[in-house]
Amino acid sequence: MNAFHKITPVVIAFLARLVEMQIALYEKITGKFLTFHRRPMYAKDVITTPIAGSDYSNCAIVLQGPLLKSHHFTLETVRIYKKHFPQALIVISTWNNEDSSYIDKIKQEAVVLLHDKPKYNGPYNINFQIISTCAGIQFARDKKVQYILKTRTDQRMYNPFLLESLIDLITHFPVHDGFHQKKRLVGLSCGNMRGDYYRLADMFLFGDTDDMLLYWAVDLVADQNLEKNIAPEAYLFREYLKKIGGNPSLTLQDSECAYRKHCLFIDPVLVDWYWYKYKRHREFRYTKYSNKTQRSISFLEWLHVFVHDKSRRE
């Protein structure tokens with residue numbers, strides 16, 4: 001064991017050099033720059049400096065979906081959040097077929113809610129997401145928290161200033177008057193492509209507890225009820241707009257107007273977002289340079305539209 005520890009730094013340095021050589025070859029062949037970034041896997045390696053005077057008792061983080069056991073990802077994510085956000089309510093909303101012994105481990109760190117799976121998944125498993133998310137938010141609401149961050153069991157945010165920053169954003173960018181909405185909904189600028197309608201990314205969503213419950217308390221989707229080719233994100237956002245007094249006209253102009261009035265987009269880099277799925281080694285998997293319509297709406301783009309929104313001043 002001692003010999004292994006002595007040789008490990010040498011091996012790590014060799015592997016790092018090998019990766020750099022491969023990157024250099026890739027850049028020479030493709031004419032594209034390639035970068036990489038390292039993050040700690042485990043909570044013990046994440047150093048947190050508590051923010052003086054911070055109180056997270058009015059916040060909840062709801063992680064929904066199946067447990068990710070590889071590298072104890074879901075469990076370690078909870079432990080990181082507990083280091084970053086003491087007093088915050090952390091809820092895992094998952095399925096009753098998960099391994100009971102592993103559930104017991106997570107229960108030592110967070111609240112765990114177990115549910116029966118729906119008979120029909122819905123497009124892209126939307127019914128799974130509705131059931132687990134709505135139950136987690138309802139539980140948090142019953143605990144009388146004011147703000148809720150909804151995320152997934154296979155995603156992680158490393159930024160220790162995350163919750164303060166999200167609260168600051170929806171406080172300083174008020175929602176438009178005339179709608180039954182308390183605060184803006186904050187989503188990540190990934191998956192909300194400029195060419196799509198009403199695509200508020202559902203992987204990560206932050207807002208006032210009442211707004212969040214209203215957003216997720218929607219009917220499960222029967223096979224015949226969801227329009228052909230409509231994205232689950234668009235279904236959720238359009239139903240929410242109807243509830244708060246909107247009337248989606250199914251045009252790109254109206255979709256962009258809804259983003260401006262009811263939402264706020266932040267870039268994944270701002271929250272130090274990591275997703276253990278789908279090309280997980282690519283840091284900026286949603287960033288496009290050659291396809292205008294497939295470029296996500298960034299925070300700076302959203303901010304420009306907000307600043308120049310004449311309707312706020314009329």
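So, to kick off: at what angle do helix α6 and helix α7 pack, and how far apart are their axes? Keep in mind that this is a predicted model. The angle comes out at about 120°, and the axes sit 8 Å apart, with α6 covering residues 209–216 and α7 covering residues 232–243. That makes α6 oblique to α7, because roughly perpendicular stops at 115 degrees and roughly antiparallel needs over 145. The crossing of α6 past α7 is right-handed.

Who's touching whom there? On the α6 side we have Asp 211, Leu 214, Tyr 215 and Trp 216. On the α7 side, the contact uses Glu 233, Leu 236, Phe 237, Tyr 240 and Lys 243. Sort the residues of that contact by class and you get six nonpolar, three charged and no polar.

Okay, next pair. α6 also packs with helix α4, residues 126–142, and here the angle is about 155°, with the axes 9 Å apart. Anything over 145 degrees counts as roughly antiparallel, so that's the label for α4 and α6. Their crossing is left-handed.

From α4, the contact takes in Gln 129, Ile 130, Thr 133, Cys 134, Ile 137, Gln 138 and Arg 141. α6 brings Thr 209, Asp 210, Met 212, Leu 213 and Trp 216. By class, that's six nonpolar, four polar and two charged residues. If you want one residue to click on, try Trp 216 of α6: it's listed in the contact with α7, and it's also listed in the contact with α4.

Last bit: empty space. How many cavities of 30 Å³ or more does the structure hold? Just one, and the largest cavity has about 40 Å³ of space in it. Its lining is made of Arg 39, Trp 273, Tyr 274, Trp 275, Arg 280, Arg 282, Glu 283 and Arg 285. Split by class, that lining has five charged residues, three nonpolar and no polar.

Okay, that's me done.

Note on methods
Residues are numbered from 1 along each chain as its sequence is written. This is a predicted model: local features need pLDDT of at least 70, side-chain atom pairs count only at pLDDT 80 or more; totals for chains, interfaces and linings use all residues. Side-chain values use heavy atoms; hydrogens and water are left out. Axes are lines fitted to C-alpha atoms, for helices over the stretch in contact, and angles run from 0 to 180 degrees between N-to-C directions. Helices (H or I, at least four residues) and strands (E, at least two) are DSSP runs, numbered from the N terminus. Angles under 35 degrees count as roughly parallel, over 145 as roughly antiparallel, 65 to 115 as roughly perpendicular and the rest as oblique. A crossing is left-handed if the near helix is turned anticlockwise from the far one by less than a right angle, and right-handed if clockwise. Contact means heavy atoms within 4.5 Å. Ala, Val, Leu, Ile, Met, Phe, Trp, Tyr, Cys and Pro count as nonpolar, Asp, Glu, Lys and Arg as charged, and the others, Gly among them, as polar. On a 1 Å grid over the protein atoms alone, a cavity is a set of points where a 1.4 Å probe fits but cannot get out, and a pocket is an open set with protein on both sides within 12 Å along at least five of seven lines; lining residues have an atom within 4 Å of a point. Grid points are joined across faces, edges and corners, and a volume is the space filled by probe spheres set on the points.
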